[in-house]
Every structure is written in structure tokens, then in C-alpha cells.
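Here is a short tour for someone meeting this structure for the first time. Keep the sequence and the 3D view open while reading.

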Amino acid sequence: MQLNITKDWFLNQAHLEEGLEIGAGALQHIGRPALRVVPAAESSISTISQHLTFGRFVEVMRRKQGWTVSDLAIVAEVSPEELLVIEGDPYHEPELSTVFGLAKTFNLPAKNLVKMAGLTQGGSSRLREESVRFAACSESKEPLTEEENTALQAFLKVIVEESDP
Amino acid sequence: MVESTISRLQKAGIPRDKWPQDLHWDWDKKAGWSRRFLSLQRFAITCGGALQGLMLVNLTKLSARIASQWGKDLAYIDYLSTAPWNRPEIAGVQQFHGVGKIMVRAAIQVSLDEGFRGRLGLHALGQAASFYRNVCGMTDLGTDNDYYNLTYFEMTESQAKAFCGET
């Protein structure tokens with residue numbers, strides 16, 4: 001194994017862990033095989049579901065415009081890498097600035113998009129239900145199917161119309 | 001050193017849940033003890049004539065849990081720690097910084113060399129969660145009830161690139 005770490009990289013990084021614990025691993029299990037693979041903690045399932053829905057929504061909105069991830073990144077002035085992660089990783093919590101950039105690009109209320117992305121608590125039950133319904137109806141195919149387009153239009157209507165109770 | 005540290009912590013009135021969680025580990029015997037596990041890759045950092053950090057990497061223990069890389073191989077950090085004589089809460093000073101960063105960087109290299117694209121997994125001690133979440137940029141998958149209630153973290157390919165400064 002060849003490890004190429006420059007002195008500059010190391011000097012820049014070393015101070016970041018000053019005073020922090022770094023311990024990992026439980027001695028009792030070292031070398032033993034087969035941890036039972038389990039999903040993330042139950043308490044976070046709701047958040048994961050929101051991230052998943054938000055990612056699906058961003059993907060469909062992008063495809064509706066006929067944009068690549070790079071295209072959307074340029075228009076929304078956000079990182080293409082984060083867009084990729086938003087669309088593909090339900091464990092990723094989107095950056096607030098990214099959600100605002102996407103809201104502006106899609107001409108949607110930022111506040112509702114922030115709730116949809118799971119960055120704030122609350123939001124109406126209608127928005128939550130429609131979010132899940134939308135995500136469940138959309139599949140990752142190109143171009144948008146008629147069903148996806150219908151689901152998207154219905155969901156867009158909810159996002160625009162829904163206001164705080 | 002451990003006994004004197006415990007005594008100092010007790011005298012200072014520091015509650016047990018705030019003590020270093022691996023305080024009881026027998027550091028002096030770690031290197032020799034790990035030789036029993038030939039499947040593990042072992043890493044040590046020495047400086048100033050003393051051992052400063054140890055890491056054990058397992059390539060077969062478990063596969064990825066994040067949905068985007070579910071089931072894919074990863075390099076699992078079975079154990080990582082810095083020496084007690086290099087930790088301010090024990091020795092009173094921290095002579096060297098960066099042991100954790102350089103070890104994680106080495107684990108990423110192991111993952112890359114194995115074709116695992118930099119993917120990593122580990123169970124962090126509770127007091128170390130901040131390091132893996134905020135300094136290493138890994139994804140926090142929450143408490144693992146099947147593994148001593150430690151917090152499970154995973155690093156994706158893109159997170160590994162970011163860690164290495166490639167993005």
C-alpha cells in the first residue's frame with residue numbers, strides 16, 4: 001500500500017481533531033464475523049423517508065426540464081455532487097442553501113420545500129401525505145411517464161397552495 | 001497511568017459518563033494481542049520513540065448499509081485509538097494532533113486498493129461521534145443496538161474523495 005499524504009494536507013488537517021476523541025470499535029467483537037445488518041435507528045426512519053421523497057422530487061423536476069444533474073447545478077447554483085447525493089442517498093441531509101437554490105429554480109415556496117426535505121419539523125399532514133404519495137408513484141425512468149407527470153402536477157399544486165396552519 | 005488518571009478524574013468530580021470510554025483498555029498489550037487476527041490489517045503510528053495510535057482494518061466483517069451503496073464491500077475499521085499518553089484528558093497534554101485523520105486516510109487507501117472505492121464503516125465510541133461526523137464528514141446511521149449501542153458511521157465514495165481533498 002502506498003499512502004500519498006502531502007505535508008501541507010496533513011498540517012491543514014491535524015489541528016481539526018485537536019481535543020476530540022477518535023476512538024472506534026468494541027474490543028469484544030474484534031475479528032468476529034457477521035454483524036447483523038440493520039437499517040438506521042428507527043427514530044430516523046421518518047427523516048430518511050423525507051430525504052427519499054425530496055430526492056425523488058428533485059430528480060423528477062430535473063427530468064421534467066430535460067436537464068442533466070450538471071445543468072440543474074448550474075441553473076440553481078448548487079454543487080452537482082450534492083445534487084447527485086440528494087437524488088441517490090436518503091441518508092443525506094440536504095444543505096439549506098441548496099434547498100433554497102432549488103426552490104428558486106423550480107419557482108416553489110422555499111419554506112415548504114425545506115419542510116419536505118426534512119430540515120424543519122412540522123408541516124401539514126396533507127403535505128406529508130402528498131409527498132409520500134408522489135414518491136410512491138414516481139419511478140426512475142426517462143422521459144416522465146404520463147402517470148409521473150400527473151402525480152408531479154398534483155404535488156406541485158399542493159406545494160404551492162399549502163400554507164402554514 | 002490508567003489508575004492515576006481515574007484517581008484524578010474522581011477527585012475532579014467528573015461523572016463516569018464523561019470519562020474517556022476506552023480508558024480501561026490495555027494499550028500496552030494491544031499490538032501483540034492483535035497479531036492473533038491475521039485477517040486484519042494493522043496500522044501503527046510511532047513518533048518520538050513511542051506508539052501514538054493504532055488501527056485495525058477488517059475487509060470482511062460487514063457490507064455497506066447506506067441505501068446508495070447497500071450491500072457493497074467496504075473496509076471496516078474494527079478498532080482505532082490514540083495512545084493514552086497522547087490524550088489531554090489522560091496525560092494532561094496532547095503532544096501530537098492528527099492521529100485520527102491520518103488513520104482514516106490510511107483506511108481509505110486500503111479500501112481503494114481493494115477496489116472498494118474508499119467506502120468505510122466503523123462503530124464510534126459515543127464521545128468520538130463528533131470527530132467522525134464533523135471532521136471526517138461520514139454519514140451517521142444512528143445507534144446500533146446490535147453492537148454495544150455504539151454509533152455506526154459510513155463513508156461513501158464521494159465522502160472519501162472529499163476527505164482526501166480531491167473535490
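The report below goes from the chains to single residues.

## The two chains

This is a predicted model. Chain A has eight helices and zero strands. Along the sequence, chain A therefore reads α-α-α-α-α-α-α-α under the rule for naming helices and strands. Chain A has 165 residues, and buried residues make up 44% of them. Take the contacts in chain A between residues at least 6 apart in sequence: 66% of these join residues at least 24 apart.

Chain B mixes both kinds of element, with six helices and six strands. From the N terminus, the order in chain B is α-α-β-β-β-α-α-β-α-β-β-α. Chain B has 167 residues, and 52% of them count as buried. Among contacts in chain B with a separation of 6 or more, residues 24 or more positions apart account for 59%.

## Helix α4 of chain A

Helix α4 of chain A covers residues 80-88. The N-terminal end of α4(A) is capped by S79(A). A side-chain oxygen of S79(A) lies 3.2 Å from the backbone nitrogen of E81(A).

Which residues of α4(A) are buried? They are E82(A), L83(A), V85(A), I86(A) and E87(A). V85(A) comes up again in the next section, as part of a pocket lining.

## The second largest pocket

The second largest pocket has a volume of about 330 Å³. Its lining holds 14 residues. Nearest the centre of this pocket lie V85(A), S68(B), T156(B), E157(B) and S158(B).

Two helices each supply at least two residues of this lining: α4 of chain A and α6 (157-163) of chain B. Which element gives the most to the lining? That is α4(A), with four residues. By type, the lining of the second largest pocket divides into two nonpolar, five polar and seven charged residues.

## Strand β3 of chain B

Strand β3 of chain B spans residues 75-82, and L80(B) is found there. Is L80(B) buried or exposed? L80(B) counts as buried because its relative accessibility is 0%, and the cut-off for buried is under 20%. Leaving out residues up to four places away in sequence, L80(B) touches residues of chain A and chain B. On chain A these are I22(A), G23(A) and A24(A). On chain B they are L54(B), M55(B), G100(B), M103(B), V104(B) and Y132(B). F43(B) is 37 residues from L80(B) along the chain, and the C-alpha atoms of the two are separated by 9.3 Å.

T82(B) is also found in strand β3 of chain B. T82(B) is buried, at 10% relative accessibility. The side chain of T82(B) reaches the backbone oxygen of Q52(B) at 2.9 Å.

## A buried aspartate in strand β5

D144(B) lies in strand β5 of chain B, which covers residues 139-144. The relative accessible area of D144(B) is 1%, so D144(B) is buried. What does the side chain of D144(B) contact? It makes a polar contact with the side chain of R65(B), at 3.0 Å.

## Cysteines

A disulfide is a covalent bond between the sulfur atoms of two cysteines. How many disulfides are there over all chains? The count comes to zero. Two cysteines of chain B are buried: C136(B) has a relative accessible area of 4%, and C164(B) has one of 14%.

## An N-terminal contact and two loops

L3(A) sits in the segment before α1 (7-14) of chain A. At 31% relative accessibility, L3(A) counts as partly exposed. Beyond its neighbours within four places in sequence, L3(A) is in contact with R105(B), A106(B) and Q109(B).

Most residues other than glycine have a negative phi. Two loop residues have positive values. N107(A) has a phi near 60 degrees. N107(A) sits in the loop between α5 (96-106) and α6 (110-116) of chain A. N107(A) is exposed, with 69% relative accessibility. R117(B) has a phi near 55 degrees. The place of R117(B) is the loop between α4 (99-113) and β4 (120-124) of chain B.

Terms used. Residues numbered from 1 in each chain as written. Chains lettered and ligands numbered in written order. Predicted model: local features only at pLDDT ≥ 70, side-chain atom pairs only at ≥ 80, totals over all residues. Heavy atoms only, no water. Buried < 20%, exposed > 50% of the residue type's maximum accessible area, 1.4 Å probe, protein only. Polar contact = N/O pair within 3.5 Å; in protein donor to acceptor, adjacent residues only side chain to side chain. 1 Å grid on protein atoms, 1.4 Å probe; cavity = no way out; pocket = protein on both sides within 12 Å on 5 of 7 lines; lining within 4 Å. Points joined across faces, edges and corners; volume = space filled by probe spheres on them. Nonpolar A, V, L, I, M, F, W, Y, C, P; charged D, E, K, R; others polar. Disulfide = S-S within 2.5 Å. Contact = heavy atoms within 4.5 Å.
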